[in-house]
Structures are given as C-alpha cells and as structure tokens.
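Biologist: I would like a close look at a single part of this model, with enough of the surroundings to place it. Please keep the wording plain.

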Amino acid sequence: MPIILVAALMADVEFSCDALLKDNAYLAGAGEGLKSAPYQASEELQFFDQVRKTVLASLDIGELEEGALPAVFVRCARPRQQATVFEGAEKRTDLDLQNSKCWAGQLILAAPHGSSGWAVPLIDGTVDATVARLIRVGLGEVPLAVVYPQARQLSCHFDGALGDTASVRVELPANRRTVTIPEIVQVLQEQRVNCLLTPQVGPPGLWNDGDKYIPGEQAERLIQWIVTSELRSHFRPVIADIEQVTAVGRIDICLTDPDRVRGEPLHPAVIELKALRSRTSTNAPVSNRTNIAAVVSGHRQAKAYRKIKQATFGVLACYDMRLAKTDLNAECAVVKARRMYFDGAMECAILPIYGDTADAQHELAADA
Amino acid sequence: MKLSVLIERTRRRVRLIQLLEAAERAALTPISMEKLHAFAYLADVLSPVWKLDPFDFQISTKRKSPYYPDLQREIDSMIAAGLIEVSSQRYQRVGDDVLFSADFALRFSSIHANAVLEASMGDPDLVATQEYLNELASALASLADEDIAAAASKDIVYADSFTDIIDFQEMRGRTTNTQRAVQAFDVVFPRTDITPSRRLYMYAHYLGRRAHG
C-alpha cells in the first residue's frame with residue numbers, strides 16, 4: 001500500500017492532544033471562549049450579563065466621549081425583524097470590539113448574546129421617548145437594559161419598558177482589581193451599599209415586606225446574581241460561575257481565571273453565600289439557632305469547596321437580613337467553626353442589609 | 001419525483017430554514033454565502049458536542065473553505081420560491097473561476113417559511129436541533145465578524161484532511177479529531193464546569209485564533 005494512503009488512513013489516529021495542549025492558539029482560544037460563553041442562568045439574566053460584558057469591553061477600549069448619551073439595549077428574538085419597525089435601522093456587529101461611539105445614544109435591538117443587533121438613534125435623543133416608542137411598537141415587555149456610560153451603570157428591567165417593578169442596577173467599574181481577600185470583601189461591601197442596602201436601592205423581589213423584615217422568595221438567588229455580576233465586572237477577565245457541582249455539594253460562586261499562566265491557580269477563589277433572616281418569605285419565624293447553624297455550615301462549605309477546587313481563597317459572605325442583627329461571629333459554635341475550618345486564606349464577611357431605611361441610616365450614622 | 005427524493009429535499013429545506021433562523025436570532029443575517037456554508041459545516045462536525053448526529057453525509061475538502069453543493073441548490077430554489085431573500089449580490093474571481101456570491105436571510109413575509117418553523121416546534125428532534133444551531137450561531141457571533149467564514153476552514157478535520165471527502169456517516173460512533181480537541185478543554189481547565197455550550201464557544205475561538213495564523 002502506498003505510504004501516502006497509509007498516512008491518509010492513519011491521520012485520525014495520529015492526532016496528538018499533547019501538541020494541541022502546547023499550541024498557544026488552542027490555549028488562548030479556549031480562554032477567550034470561556035470568557036465569551038454566556039452565564040448559565042435565565043434568558044433575562046443571561047442577556048443582561050452579556051450586555052454588561054459587551055459594554056465593559058467596549059468602555060475598556062477607548063476614552064469615553066464627553067457628554068456621551070445613554071444607550072438602550074432590548075433583547076430581540078429576531079433583531080432584524082424587530083428592526084423593520086424603526087426606519088433607518090442599521091446593522092451593528094462586534095460592539096464589544098469597538099469603542100462606545102458605536103452604541104452610545106442608540107437604541108440597540110440586540111441579539112441575546114448582546115454584542116450585535118440593529119441600531120437607531122434614541123428617539124428624540126432621550127431614554128424616555130425611546131421607551132415610549134418601544135411600548136407603542138409592541139416591544140414593551142421584552143427585557144431592556146439602559147446603559148449610562150457617564151455614571152458607568154447598567155439599569156436592568158426584567159419585565160421590559162412596561163414592567164412596574166424597579167430595575168436592578170449593576171456597576172460598570174472603570175478599573176480591574178486583582179483577586180485577594182480584602183478586594184473581594186471590598187467589592188461585596190460596595191455592592192451591598194450600592195445595590196442591596198435598603199429596599200429603595202435593592203432589586204425588586206428582595207423583600208416581600210421590608211418594614212417587617214420579610215424577605216422575598218427569591219432573595220438569595222437575586223443576591224447571588226448581583227454579587228456574581230459585580231465580581232465578573234471588577235475582577236474581569238476572571239469569570240464567576242454559580243452553582244458548580246462538586247462531589248461535596250454545589251458551590252455558590254466559583255471564580256475561574258481563563259487567562260492564567262500555566263502553573264498558576266485556575267480558581268482564584270470560591271465564595272459561599274448565606275442569607276440570614278428573622279422571617280421566612282411566608283412570614284414564619286426563623287430561630288437564632290437556624291441562623292447560627294447556617295453560618296457554621298457556611299464555614300465548613302467554604303473551606304471544603306476551596307479545597308476541592310484547589311482555589312487560592314475561600315470567602316463566606318453572610319447577608320444579614322434579620323431585624324435584630326446580633327453578632328453571630330461571637331457565638332460559640334461560630335467561633336469553634338472558625339477555629340476548625342479557617343486559615344489565612346479564608347474570610348467570613350457579615351453584610352447587613354435593611355428592610356427599613358431608618359435602620360440603614362442608623363448603621364451609617366453610627367459608623368460616622 | 002420519487003418519494004425518497006422528495007423526503008430528502010424536504011429534510012434539506014427544513015435544515016436550511018433552521019440554519020437561517022439560528023443566524024437570524026444571532027443577528028448574523030443577512031448572512032454571506034461563505035458564512036452560511038461555514039456555519040452548516042461546523043454544525044455537522046460539532047454536532048456530537050450536543051449529542052446529535054451530523055446532518056450531511058459528506059463534504060468535499062477540495063475547496064479552500066467548506067461548501068455544500070446540495071445546500072446551495074436548496075438556497076437557490078428557495079429564493080425562487082420566495083422563502084429566502086437575497087441581497088448584496090457580487091462576483092469574485094478565484095483563480096480562473098468567477099464565483100457568484102450573495103447574502104441570504106429568511107423572508108419574514110413568507111407564509112411557508114413561517115409554517116415550517118412553526119411545525120418544527122412540535123417535533124422534539126427539530127427543537128433540539130434548533131436549540132443547538134442557535135447556540136452555535138451565538139458562539140460564532142462572538143468571533144470578530146470577518147473571522148466567522150475563515151474559522152470553519154481551520155477546523156481540525158477539514159484543514160488537516162488527507163482525503164478529498166469528509167464522510168460524516170463514517171465518522172458516526174467514532175471520535176473525530178475535532179471531538180478530541182473539544183474534549184481536551186477539560187485538560188486546560190480542570191475542575192471547571194465546561195458545558196456543551198461553553199465547548200462550542202471555546203472551539204469557535206480556537207478556530208478564530210487559527211484563522212489569524
């Protein structure tokens with residue numbers, strides 16, 4: 001048999017994974033793909049996260065023009081079709097690879113991946129007139145994100161322009177941070193104050209009845225999404241995944257560095273979240289013992305997940321939604337858990353959030 | 001026309017409408033001929049990632065980038081039937097040949113195209129296929145626009161083929177080099193949740209990198 005034919009038949013067999021794993025294009029491409037893939041969540045959350053990623057990448061490219069107008073991104077199942085109702089709509093691709101000029105002051109009828117779509121200038125140059133137009137043309141109920149480039153904020157409207165719930169606000173930080181325990185805790189603190197502190201700034205659904213400290217049914221999930229989103233923004237290009245399954249349980253948030261140099265840790269940190277409460281979402285009382293048990297198990301989980309992922313740091317973040325915010329860290333069981341499970345690469349952050357504005361004022365005033 | 005031929009043509013038309021629908025959702029339309037064939041090829045070669053079988057039986061590797069004559073024939077006949085709209089017609093010279101090219105998209109006003117899409121929603125296999133194609137189109141859309149068509153020609157099976165034909169049927173039940181490359185992401189990112197969707201993005205970006213040499 002001619003050698004060339006043998007070579008042809010053997011081509012598949014001779015493929016070497018070793019060569020591939022030394023190929024820079026393969027390694028870099030894998031990292032880029034991991035960064036680009038959407039966050040595993042509901043369609044709305046996925047869209048908002050993709051818009052956040054697109055806009056941040058675009059803002060990282062060049063200086064923002066003075067007076068840059070906001071932009072409205074609308075999630076469209078078929079962007080080209082939905083664009084036909086807007087005269088003069090133009091196709092836009094690779095928004096993440098261009099500076100803010102290509103989206104600022106525009107209504108983007110965007111694909112779910114958030115980086116392409118069809119654009120028209122904001123109606124009358126304003127968000128309000130654009131939103132009114134969206135409602136008129138039957139796009140009032142699709143997820144909508146307003147980007148405020150000057151304030152570096154993204155306002156996410158889950159129920160679209162017609163929805164009567166408040167929006168969820170996400171920061172678009174200018175600077176990247178390095179993953180360390182103090183930086184993680186700093187991001188959690190900033191995000192607590194800016195996005196969760198009171199029902200006024202918190203996402204819709206965080207509280208069923210703030211005055212009575214009755215949390216919403218999805219409070220933990222909402223906190224998890226906002227925290228994850230902020231971590232992804234501040235520590236970019238590090239990605240933050242939720243609910244990663246391991247042999248010892250599900251990790252609330254696992255950070256992965258897609259650009260790591262070989263030999264460096266793949267997972268800079270794992271974060272375990274706990275929501276402490278004095279009432280359930282159905283107004284049943286929650287005992288102090290239950291909350292203590294949650295904090296103790298949080299210590300154990302954070303350490304176990306750090307070990308199984310070989311992560312550099314482990315953080316337990318306890319969002320304290322209780323009416324009476326007693327010091328749980330002083331509880332014997334918590335002290336014991338801390339001594340047993342924690343070392344210099346672990347930290348527990350207690351993050352109070354308030355159902356009543358007066359209580360939040362008290363914290364800030366007492367701090368001053 | 002023989003029944004088997006009719007069934008095969010119907011199958012191909014449904015596939016084409018599904019490809020264009022996925023491209024529509026990812027804002028890739030109007031999609032150039034080169035990109036559409038590249039998308040069809042990657043949909044075949046990466047189908048095991050989604051636990052699906054390749055749609056096509058084979059493809060010639062003689063051209064610089066993937067090209068399915070049967071797919072092109074269906075595009076042409078569906079343009080004539082009013083299901084697909086064509087724009088930006090152009091000619092390009094490749095060696096001594098002059099090739100016709102254009103951009104394609106579903107015609108929204110076509111009753112028949114919409115009827116096919118609606119009917120396909122009732123078939124679990126077609127629903128799974130559409131979901132896969134939507135995900136792959138989104139993964140390709142995350143590449144720079146000019147890299148999408150070039151990416152497919154850099155696929156390991158296509159680019160490194162020693163034969164004139166890639167036989168997808170023969171590949172069934174075997175692990176192809178593309179699949180090996182997709183599986184090797186677990187070595188690059190151990191202890192990481194690499195979902196099938198992520199594998200599509202990772203492989204697409206690898207091809208994007210290869211396209212840049």
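Modeller: What follows looks at one packed pair of helices in chain B, then at chain A and its contact with chain B. The model is a predicted one.

The part chosen is the pair formed by α2 and α5 of chain B. Two packed helices are described by the angle between their axes and the distance between the axes. Helix α2 of chain B covers residues 33–45, and helix α5 of chain B covers residues 124–141. Their axes are 11 Å apart and meet at an angle of about 120°. An angle over 145 degrees would count as roughly antiparallel, and 65 to 115 as roughly perpendicular; α2(B) and α5(B) are therefore oblique to each other. Their crossing is right-handed.

Which residues of α2(B) and α5(B) meet? From α2(B) come B:Phe39, B:Leu42 and B:Ala43, and they meet B:Leu133, B:Leu136, B:Ala137 and B:Leu140 of α5(B). By class, this contact of α2(B) with α5(B) has seven nonpolar residues, no polar ones and no charged ones.

Now for the partner chain. Chain A has 368 residues, of which 47% count as buried. The chain contains 11 helices and 14 strands, and its C-alpha atoms fill a box of roughly 75 × 65 × 35 Å along the principal axes. The domain assignment divides chain A into domain 1 (1–36), domain 2 (43–171) and domain 3 (181–367). Between the C-alpha centres of domain 1 and domain 2 of chain A there are 40 Å.

One residue of chain A serves as an example. A:Trp118 is part of strand β4 of chain A, residues 117–121. Because 23 C-beta neighbours lie inside 10 Å, A:Trp118 counts as buried; the cut-off is 20 or more. Leaving aside neighbours within four places in sequence, its contacts include A:Pro79, A:Arg80, A:Ala83 and A:Leu109. A:Thr84 is 34 residues from A:Trp118 in sequence, with 9.4 Å between their C-alpha atoms. For chain A, among contacts between residues at least 6 apart in sequence, 65% join residues at least 24 apart.

Last comes the contact between the chains. Chain A gives 40 residues to the contact and chain B gives 40 residues. On the side of chain A that touches chain B, the elements giving two or more residues are α1, α2, α3, α5 and β10 of chain A. Of these, α3(A) gives the most, with 10 residues. This side of chain A has 20 nonpolar, 13 polar and seven charged residues.

Note on methods: Residues numbered from 1 in each chain as written. Chains lettered and ligands numbered in written order. Predicted model: local features only at pLDDT ≥ 70, side-chain atom pairs only at ≥ 80, totals over all residues. Contact = placed C-beta atoms within 7 Å. Helix = DSSP H or I, 4+ residues; strand = E, 2+ residues; numbered from the N terminus. Nonpolar A, V, L, I, M, F, W, Y, C, P; charged D, E, K, R; others polar. Domains from an automatic or database assignment. Axes fitted to C-alpha atoms, helices over the stretch in contact; angles between N-to-C directions. Parallel < 35°, antiparallel > 145°, perpendicular 65-115°, else oblique. Left-handed = near helix turned anticlockwise from the far one by under 90°. Buried ≥ 20, exposed ≤ 12 C-beta atoms within 10 Å, placed from the backbone.
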